[in-house]
Amino acid sequence: MRYFSQKFSMPDDYGKALLNDIATEELGHCEMIATMVHQLTKNATIKEMEEAGLGAMYAEHGKGVYPTDSNGVPFTVAYFAVTGDPLADIMEDMAAEQKARATYENLINMTDDEDVIRVLLFLRQREVVHYNRFKELFLYYKKKGY
Ligand SMILES: [Fe+2]
């Protein structure tokens with residue numbers, strides 16, 4: 001959603017297309033993660049949910065998939081910024097991709113489930129690719145004097 005919003009401030013089609021493409025891919029990643037959470041919890045007992053630290057989540061949402069951070073704080077648009085300044089927004093996007101990479105690495109460190117690790121490694125690698133695409137765009141706009 002960050003990239004979908006920021007694309008309108010990009011000064012040319014290169015930037016608009018890149019942000020739109022990455023935004024679209026990120027939505028696919030949301031679906032992958034939601035599917036993984038569903039698969040991991042759909043057959044869990046209430047006791048298993050509680051033991052996994054998901055008792056409060058179960059109380060509020062049952063087995064539904066509800067987007068929160070690991071502390072249960074719901075997703076909000078306040079997590080991202082749109083400044084209207086291409087360089088500022090792209091720099092924030094680069095930081096966001098690095099934070100996502102680090103989070104995937106932390107999640108990988110927390111599991112021994114090979115099926116989960118495989119998905120997380122794929123997603124981690126895509127964040128590295130996104131970071132590099134944003135870095136290219138940043139340097140391109142910087143050189144053009146934006
Ligand atoms: Fe990404």
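At what angle do α5 and α6 pack, and how far apart are their axes? Select both helices: the angle is about 160°, and the axes are 9 Å apart. Axes here are lines fitted to C-alpha atoms, for helices over the stretch in contact, and angles run from 0 to 180 degrees between N-to-C directions.

**Before you go on**

This is a predicted model, in which local features need pLDDT of at least 70 and side-chain atom pairs count only at pLDDT 80 or more, while totals for chains, interfaces and linings use all residues. Residues are numbered from 1 along each chain as its sequence is written.

**Stop 1: the whole chain**

Show everything as a cartoon. You will find six helices and zero strands, in the order α-α-α-α-α-α from the N terminus on. Helices (H or I, at least four residues) and strands (E, at least two) are DSSP runs, numbered from the N terminus. Along the principal axes, the C-alpha atoms fill a box of roughly 60 × 30 × 20 Å. Of the 146 residues, 16% count as buried. A residue is buried if 20 or more other C-beta atoms lie within 10 Å of its own, exposed if 12 or fewer, and partly exposed in between, with C-beta atoms placed from the backbone.

**Stop 2: helix α6**

Select residues 114-144, the 31 residues of α6. At 1.5 Å a residue they should span 45 Å, and the end C-alpha atoms are indeed 45 Å apart. The expected span is 1.5 Å times one less than the number of residues. Now colour the buried residues: Leu120, Leu123, Arg126, Glu127, His130, Phe134 and Leu137. Their cover includes α2 (13-41) and α5 (86-109). Just after α6 comes Gly145, with a positive phi near 85°.

**Stop 3: α5 beside α6**

Go back to the opening pair. With their angle of about 160°, α5 and α6 are therefore roughly antiparallel to each other; angles under 35 degrees count as roughly parallel, over 145 as roughly antiparallel, 65 to 115 as roughly perpendicular and the rest as oblique. Their crossing is left-handed, meaning that the near helix is turned anticlockwise from the far one by less than a right angle (clockwise would be right-handed). By class, this contact has 19 nonpolar, two polar and eight charged residues. Ala, Val, Leu, Ile, Met, Phe, Trp, Tyr, Cys and Pro count as nonpolar, Asp, Glu, Lys and Arg as charged, and the others, Gly among them, as polar.

Within α5, highlight Pro86, Asp89, Ile90, Asp93, Ala96, Glu97 and Tyr104, which are buried. The buried residues of α5 pack against α1 (2-6), α2 and α6.

**Stop 4: α2 beside α6**

Next, show α2 with α6. The two pack at about 165°, their axes 11 Å apart, and are therefore roughly antiparallel to each other. α2 passes α6 in a left-handed crossing. By class, the contact has eight nonpolar, three polar and three charged residues. On the α2 side, pick out Gly15, Leu18, Ile22, Glu25, His29, Met32 and Met36; they meet Val116, Val119, Leu123, Arg126, His130, Arg133 and Leu137 in α6.

**Stop 5: Arg126**

Finish by centring on Arg126, in helix α6. Is Arg126 buried or exposed? Arg126 is buried, because 20 other C-beta atoms lie within 10 Å. Leaving out residues up to four places away in sequence, Arg126 touches Glu25 and His29, where contact means C-beta atoms, placed from the backbone, within 7 Å. Try a distance label to Glu97 too: the two C-alpha atoms are separated by 9.1 Å, although the residues are 29 apart along the chain.

Methods:
Contact = placed C-beta atoms within 7 Å.
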